[in-house]
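Open the model in your viewer and keep the selection box at hand. This tour goes from the inside out, one selection at a time.

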Amino acid sequence: MHILLTRPLEDSKELIIKLKSLGHNVSHMPVIKINKLEFKSLDYAEYSGIIFTSSNSVKFLNTKNIDKFIKCFCVGISTEKNALKKGFQNVYAAEGNVENLKEIIIQNVNDKGSKLLYVSGKTIASNLHKQLASEDYLVERVVNYNVEHVEEFDKNFIDKLKNSIPEIIFVYSENSAKSLLKIIKKYDLVDYLMNTNLMCLGEKTSVVLNEVKWKKIFLFNPG
């Protein structure tokens, strides 16, 4: 089976190796680029908990001066995995759903007067910090990465893609979906994808690509 992955290479390596070991033909077309951003110096001792809504927010955070026993709230399995790699010991994870994450935070942070640190990308799908603030929690948000859309691809790569259209395309975020849609239109790929299955991480991601006529659209959980 021909499978197309759209995440940056660093996030796709393990899956590429696994899929190839199962005998699949894997193409890689990263539709976004993740850039680290610097932010003001923080005294992490001020915070009783830290919130991550993406694995990139964990990856780009220097955790050297953070108490690894701080309550660490993660949106899903992939984010949790990265937090554990960074050494966090007291990790709570939702199942890829920000609403569930909010409930987990409310259940486990009894002192609303204590400060929570929310680390995220520049663009977020849900204003979790504002939702928690409406529940009287003190939340400070810092942005440590942004997403850049990749718009240009080698003509030879696009021609090969048209000659061997993937049976499955994986898309992991709303940003990736927006980039992929632009690429599909720019390189006139719409009519080629009628027999391709689209695998999306969540409904918000799939909605962006609904205007393309896919064979089927499937939703999957992270991991």
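A cavity here is a set of grid points where a 1.4 Å probe fits but cannot get out, and its lining residues have an atom within 4 Å of a point. Note that this is a predicted model.

**Stop 1: the cavity**

Select Leu-4, Met-29, Leu-161, Pro-166, Ile-169, Leu-180, Ile-184, Leu-189 and Leu-193. They line the largest cavity. Its volume is about 50 Å³. The structure holds 1 cavity of 30 Å³ or more. What classes of residue make up the lining of the largest cavity? It has 9 nonpolar residues, no polar ones and no charged ones.

**Stop 2: the largest nonpolar core**

Keep Met-29, Ile-169, Leu-180 and Ile-184 on screen. Add Val-171, Leu-209 and Trp-214. These seven have the most contacts inside the largest nonpolar core, which has 26 residues. Now colour β3 (32-36), α6 (155-163), β9 (168-171), α7 (174-186) and β10 (197-200); each supplies at least two residues of this core. Helix α7 gives the most, with 5 residues. As a general point, nonpolar side chains tend to be buried together in soluble globular proteins.

Centre on Ile-184. Beyond its neighbours within four places in sequence, Ile-184 is in contact with Leu-189, Val-190, Leu-193, Leu-209, Val-212 and Trp-214. Of these contacts, Leu-189 and Leu-193 also appear in the cavity lining.

Next, select Ile-50, Ile-66, Cys-74 and Val-142. They are among the 17 residues of a second, separate core.

**Stop 3: a buried serine**

Go to Ser-54, in the loop between β4 (47-52) and α2 (55-59). Is Ser-54 buried or exposed? Ser-54 has a relative accessible area of 15%, so it counts as buried, the cut-off being under 20%. Show its contacts: leaving out residues up to four places away in sequence, Ser-54 touches Val-75, Thr-79 and Tyr-145.

**Stop 4: the second largest pocket**

Select Glu-38, Phe-39, Tyr-44, Leu-61 and Asn-62. Of the 13 residues that line the second largest pocket, these lie nearest its centre. The volume of this pocket is about 220 Å³. Its lining is mixed in class: 6 nonpolar, 3 polar and 4 charged residues.

**Stop 5: salt bridges**

A search of the whole structure finds 11 salt bridges. Visit three of them.

Start with Lys-59 and Asp-11, whose side chains meet at 3.3 Å, N to O. Lys-59 sits in helix α2 and Asp-11 in helix α1 (residues 9-21), so this pair links parts of the chain 48 residues apart. Lys-59 is partly exposed at 23% relative accessibility, and Asp-11 is partly exposed at 24%.

Stay on α1 and pick Glu-14. Glu-14 forms a salt bridge with Lys-81, with the closest N and O atoms 3.6 Å apart. This pair also links distant parts of the chain: Lys-81 is in helix α3 (residues 77-85), 67 residues from Glu-14. Glu-14 is exposed, with a relative accessible area of 58%, while Lys-81 is partly exposed at 42%.

Return to α7 for Glu-174 and Lys-178, which meet at 4.0 Å, N to O. They are 4 residues apart in this helix, so about one helical turn separates them. Glu-174 is partly exposed at 28%, and so is Lys-178, at 38%.

Finish with Lys-40, Glu-46, Lys-115 and Glu-140. Salt bridges with shared partners join these four into one network.

Key
Residues numbered from 1 in each chain as written. Predicted model: local features only at pLDDT ≥ 70, side-chain atom pairs only at ≥ 80, totals over all residues. Heavy atoms only, no water. 1 Å grid on protein atoms, 1.4 Å probe; cavity = no way out; pocket = protein on both sides within 12 Å on 5 of 7 lines; lining within 4 Å. Points joined across faces, edges and corners; volume = space filled by probe spheres on them. Nonpolar A, V, L, I, M, F, W, Y, C, P; charged D, E, K, R; others polar. Core = buried A, V, L, I, M, F, W, Y, C linked by side-chain atoms within 4.5 Å. Buried < 20%, exposed > 50% of the residue type's maximum accessible area, 1.4 Å probe, protein only. Contact = heavy atoms within 4.5 Å.
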